[in-house]
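Please work through the following exercises with the sequence and the model at hand. Each task is followed by a solution in steps.

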Amino acid sequence: MPFVTSRAQTSAGTPLETIERKDVGIKLKLTPQVNESDFIKLKIFQEISNVKETPLQGASDLITTKRSAQTTIVARDSQTVAIGGLIKDNEYDTASKVPCLGDIPLLGMLFRYTEKKKEKTNLLIFLTPRIIRDAEGMEIITREKRENMKSFIRENLADGEDKEEEMKKEESRAN
């Protein structure tokens, strides 16, 4: 997302803005550690940043919100682990009215409409750590992921030639 970091004017009066781009979205950092008995210790850092939908009064630029969580898990090789924790509750108030008529005391309630919405978001992450011991193990996992990708494309893209062309493109990218 672009954020204005400074504003100035040239001697000719032309306005100049310096813009800095910042990442907004989901960040996931994993630090794996494998022990002798094929257990994997994962240090997990997750962060969600969003642009605030309704800017504050007097704010001249976008405002972001940031939530993060950090945890450590221990899992066996190829064991799937579910991680949750970043929960967000949003409440939205939407008001609409007929111009002028909605401003009349008491009678204006007939010409106004207010709606309240509640939204709950919960980030769940499913991880399946695998220990890859050699090139052959890497090849097996790569083949498996390519097959998953092909079946996903078959199931989710439009029918016909578009599907075949997309599969060929994905296959050539994977190679």
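The exercises below treat the sheet, the nonpolar core, two residues of one strand, and the salt bridges.

The model is a predicted one, in which local features need pLDDT of at least 70, side-chain atom pairs count only at pLDDT 80 or more, and totals for chains, interfaces and linings use all residues. Residues are numbered from 1 along each chain as its sequence is written, and side-chain values use heavy atoms, with hydrogens and water left out.

**Exercise 1. The sheet**

Determine the order of the strands in the open sheet and state which strands stand at its edges.

Solution. Step 1: strands (E, at least two residues) and helices (H or I, at least four) are DSSP runs numbered from the N terminus. Two strands count as paired if DSSP finds at least two bridges between them.

Step 2: the open sheet consists of three strands in the order E3-E4-E5, with antiparallel pairing. E3 and strand E5 (64-76) each have a single partner strand, so one side of each is left without a neighbour in the sheet. From one strand to the next, the twist averages 10°; axes are lines fitted to C-alpha atoms, for helices over the stretch in contact, and angles run from 0 to 180 degrees between N-to-C directions.

Step 3: the antiparallel strands E3 and E4 are joined by nine bridges. Opposite Leu28 stands Gln46 in E4.

**Exercise 2. The nonpolar core**

Identify the residues with the most contacts inside the largest nonpolar core, and the element that gives the most to this core.

Solution. Step 1: a nonpolar core is a set of buried Ala, Val, Leu, Ile, Met, Phe, Trp, Tyr and Cys residues joined through side-chain atoms within 4.5 Å. Buried means under 20% relative accessible area, exposed over 50%, and partly exposed in between (1.4 Å probe, protein chains only).

Step 2: the largest such core has 13 residues, and Leu42, Ile44, Ile73, Ile83 and Leu127 have the most contacts inside it. Two or more residues come from each of E4, E5, strand E6 (81-97) and E7. The most come from E4, which gives four.

Step 3: contact means heavy atoms within 4.5 Å. Beyond its neighbours within four places in sequence, Ile83 is in contact with several residues, including Ile44, Ile73, Leu123 and Leu127.

**Exercise 3. Two residues of E4**

Decide whether Ser49 is buried or exposed, and find what Lys43 touches.

Solution. Step 1: Ser49 is found in strand E4. Its relative accessibility is 5%, so Ser49 counts as buried. Apart from neighbours within four places in sequence, Ser49 contacts Asp23, Val24, Gly25, Thr65 and Lys66.

Step 2: Lys43 also lies in strand E4 and is partly exposed, with a relative accessible area of 44%. Not counting residues up to four places away in sequence, Lys43 touches Lys29, Leu30, Thr31, Thr71 and Thr72. Lys43 and Thr72 are 29 residues apart in sequence, yet 4.4 Å apart in space, C-alpha to C-alpha.

**Exercise 4. Salt bridges**

State how many salt bridges there are, and explain what the pair Asp38 and Arg133 ties together.

Solution. Step 1: a salt bridge is a side-chain nitrogen of Lys or Arg within 4 Å of a carboxyl oxygen of Asp or Glu. The count by this rule is six.

Step 2: one of them joins Asp38 and Arg133 at 2.6 Å, N to O. Asp38 lies in the loop between strand E3 (26-34) and strand E4 (39-51), and Arg133 in the loop between strand E7 (112-127) and helix H1 (135-156), so the pair ties together parts 95 residues apart in sequence. Asp38 is partly exposed at 28%, whereas Arg133 is exposed at 59%.

Step 3: Lys150 and Glu147 also form a salt bridge (3.9 Å, N to O). Both lie in helix H1, three residues apart, about one turn of the helix.
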